[in-house]
Amino acid sequence: MFRLPTRSTMLSWGLAAVLLLLAYIGESALDDYVIRILNMWGIYVILVTSFDLVYGITGQFSLAHAGLAAIGAYTVSLLTLPPDAKLMSFLLQAPHPLISNAQWPLLPALLLGGVLAALVGFMIGAPALRLHGDYLLIVTFGFSEIIRLFLINIPSITNGAMGLKGVPYLSGLRWTVAAVILAVFLTNRLITSSYGRALKCVREDEIAAEAVGVNLYRHKTLAFVFSSFFVGIAGGLFAEILGTVDPNTFRPALTYAVITMAILGGLKSLTGGVIAAGIYTVMSELLRTVEAPRMIFSYNFPGLPGLRQLAFAVMLLVLILFAQRGLMGSNEFSWDWLLSRFKRPGTKKEGGEA
Amino acid sequence: MKKSMSLFHVLSILLALSLLLSACAQTPTTEQPQVEEPTAAAIPDVIPDVIKIGVNETMTGWGAAYGDMTWKGIQLAHDTKPTVLGKPVELVLVDNKSEKSEAALAAQRLVEVDKVVGVVGVNSSSMSMAQNEVLEKAKIPSMATAATNPLVTQGKLYAFRAAFIDPFQGQAAAKFAVEELGAKTAVLLVDIALDYPVGLANYFRSNFIAYTGDEKSILSYQSFQTGDRDFTAQLTQIKSLNPDIVFAPNEYAELAAILQQAKQLGITATFLAGDSADVPELVQIAGENAEGFMYTAQFHPDAFTHPEAAAFVEAFRAKYNIDPETFSVTGFDGYMLLLDAIERAGSVDPEKIREALLQTKFTGARGVTVFDENHNGILAVPVIEIKDGKKVFRYLVSPGD
């Protein structure tokens, strides 16, 4: 039964190994600023990938990302915070005995964060995915806000609006890169499997899909729960990197940022998501130079905060003018494509996951 | 082939854009002549040619009004004291879009790219908390401005703040309400989505009960959410309870709407709030409905009369043509306190600056400032009343009262 892996598979495993090795080296070689940007990139890649799966592939527009990420973030923060730190920062009410003494290592905390997010994702998805289009959008948006309100209103567990602080930094670039590889790899496997073809079928025409025997509801829920799990993981990593969480971090603005990236990269392309998340995080830091005071043609131009967002908006406009379907449309990076490029000199390559 | 060509077009445009942006040479914020990049900053006891102080503020996003006023105060402080240890000070302003993750990124940038000696800001507690996680790891002293949540400096070695904290502000408000206004009952009207109102209302409640000696003196806890504009349900209930005081320590946008609707409903109770109400926008939006409204603040020109305060107020009026308030005074004092510590440390070594900060006894715009064991400013709390559309100083609660 043993089959020799194809060239592409071997190259993919190689790339994953190289990325992990680079992350490992990078943790000591790079400065904390670059590491933080790369970490944010990774987290956004996971968020965008899971959005692509639900909207780009399955065609279900969901706005529940921020709320689901909050579940993961709070789970990881509460489980990794040392008990004395919890006692100190719970100013409104004493922490609930259920969480006051819990102190878990990072991996089980992250996994539980993912599982809880998936569970909540199921609770949201089970009733909501019976709806279509705009109705689904409104319901998922509502659920996301309900999660945030819930966090505000149970101060004995979440410390309410005061938020949590001093979350120990147990993760690192390795963790983020590993999670990204896992998320992109598994999502890609799901998309290319028979389930994935069924999901695409649901996106294109629900009636036709049902006619050929695709269980609509089951497939939609599957995609939604699958993506919720990774959103939870991303939320957990986000809390790790920030070291502090509060309910207002998970306002709808977070979901909108993810949607921006997904559209920028191309909704049906995971590769596009990886690139777009990179552009979004790296560019918004590079564009800081726009806000700094500078000399332009001997005119002393004072710094103007907010110019960064303006420059970013212009950049997005230009991009959308040139590539209406996002950077990658529905194209994916493939090794065959890359290797065929090498046969002709003078071309440029863009890194990404297989 | 055609598709990938258009992708390359996009990429080349991106490249061209970024080249264009980096082509314009950067100049320092200050008027000092351009100085070479300090290379010795990494070695603690060598004083660099330019001393860089980072400013992490909410210049855009929902906190833009607060950030702008804080930045005004910091700039004035920089004009007043542009050198330390005989070297020019350069301010490096980074905007955090009023977002937590951006505040952490901005702080990290100040540490790694700009190699700052210390950081002034943020005016908001939640963003200060994100910033301080970063700065604590990098061992860079920070001076939060108007952030009053006790969690900001709690358990942190390098985090300080140029403001009093909410436990004391809540106590001051309760003391003023009971002892000056003779209040016996109060209702809390709180935005439960934000840490500031929730925390401050909590401290007001316990202190109000202590001052009145009556467990039942807090009649009700009414809540709403940031962004709500209709408060008639809560206010109608408050009217039927008829309390002496309505303590509503919320952001100015909600507060203005509350005051307006309370007037329409004919509520006669005194509305009391915290230092987040100390922005000109409040009176602009609420207009004559703000008449008789009172709040605790970090500063009022008439509350402090020592020469340093008078000099600050005069300089501020001359530069900006407005009166200084909570946010600009904490920005001003924050910069001054940090520079005073660097001066006394005689070094830019974070360890020595921290030691010096602990010994602080600096006369700023709000009198002699010292830090308590948790690095919070021990400062007096002025209470301000809106009379004829103007901010009038009403009462001063000194620490230890």
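This tour walks through the structure one selection at a time. Keep in mind as you go that the model is predicted.

**Stop 1: chain B as a whole**

Begin by selecting chain B, which has twelve helices and 16 strands. Of its 401 residues, 60% are buried. Its exposed surface comes to about 15,000 Å², with carbon and sulfur atoms supplying 53% of that area. If you look at contacts between residues at least 6 apart in sequence, 69% of them in chain B join residues at least 24 apart.

**Stop 2: strand β1 of chain B**

Now select residues 51-57 of chain B, which form strand β1. Seven of its seven residues are buried. Color the two faces separately: I51(B), I53(B), V55(B) and E57(B) lie on one side, while K52(B), G54(B) and N56(B) lie on the other. Both faces are covered.

Next, add the partners of this strand. Strand β3(B), residues 87-95, runs parallel to β1(B) and is joined to it by seven bridges. To find a point of reference there, show N56(B), which stands opposite V94(B). Then bring in β4(B), residues 118-120, which also pairs with β1(B) in the parallel sense, over three bridges. Here G54(B) is the residue to show, as it faces V119(B).

**Stop 3: a three-stranded sheet**

Move along chain B to an open sheet with the order β12-β13-β14, where the pairing is antiparallel. Strands β12 (362-364) and β14 (377-378) of chain B stand at the edges with a single partner strand each, so one side of each has no neighbour in the sheet. Between β13(B), residues 367-371, and β14(B) there are two bridges; one pair to display is F371(B) with its bridge partner G377(B). Now switch on helix α11 of chain B, residues 326-345, which packs on this sheet and touches β12 and β13 of chain B. The direction of the helix makes about 155° with that of β12(B).

**Stop 4: salt bridges**

Side chains of opposite charge can pair when their charged atoms come close. Over all chains, the structure holds 24 salt bridges. Here are some to select.

- R394(B) and E180(B) meet at 3.7 Å, N to O. This pair links strand β16 (residues 390-397) to helix α5 (residues 166-180) of chain B, across 214 residues. R394(B) is partly exposed at 30% relative accessibility, and E180(B) is partly exposed at 34%.
- R229(B) and E254(B) meet at 3.6 Å, N to O. R229(B) sits in the loop between β8 and α7 of chain B, E254(B) is in helix α8 of chain B, and the two are 25 residues apart. R229(B) is partly exposed, with a relative accessible area of 45%, whereas E254(B) is buried at 3%.
- D278(B) and K391(B) bring their closest N and O atoms to 3.0 Å. D278(B) lies in the loop between β10 and α9 of chain B, and K391(B) lies in strand β16 of chain B, 113 residues apart. D278(B) is buried at 1% relative accessibility, while K391(B) is partly exposed at 29%.

For a network, select E285(A), R288(A), R308(A), D95(B), K97(B) and E102(B), which are joined by salt bridges that share partners.

**Stop 5: a patch on chain A**

Finally, select V18(A), L21(A), L22(A), Y24(A) and I25(A). Together they make a nonpolar surface patch of about 510 Å². Y24(A) belongs to helix α1 of chain A, residues 7-29. Is Y24(A) buried or exposed? Y24(A) is exposed, because its relative accessible area is 52% and the cut-off for exposed is over 50%.

Key:
Residues numbered from 1 in each chain as written. Chains lettered and ligands numbered in written order. Predicted model: local features only at pLDDT ≥ 70, side-chain atom pairs only at ≥ 80, totals over all residues. Heavy atoms only, no water. Buried < 20%, exposed > 50% of the residue type's maximum accessible area, 1.4 Å probe, protein only. Helix = DSSP H or I, 4+ residues; strand = E, 2+ residues; numbered from the N terminus. Pairing = 2+ DSSP bridges. Patch = residues over 30% accessible without salt bridge, like charges linked within 9 Å, V, L, I, M, F, W, Y side chains within 5 Å. Areas by Shrake-Rupley, 256 points an atom, 1.4 Å probe, with all protein chains shown as cover. Salt bridge = Lys/Arg side-chain N within 4 Å of Asp/Glu carboxyl O. Contact = heavy atoms within 4.5 Å. Axes fitted to C-alpha atoms, helices over the stretch in contact; angles between N-to-C directions.
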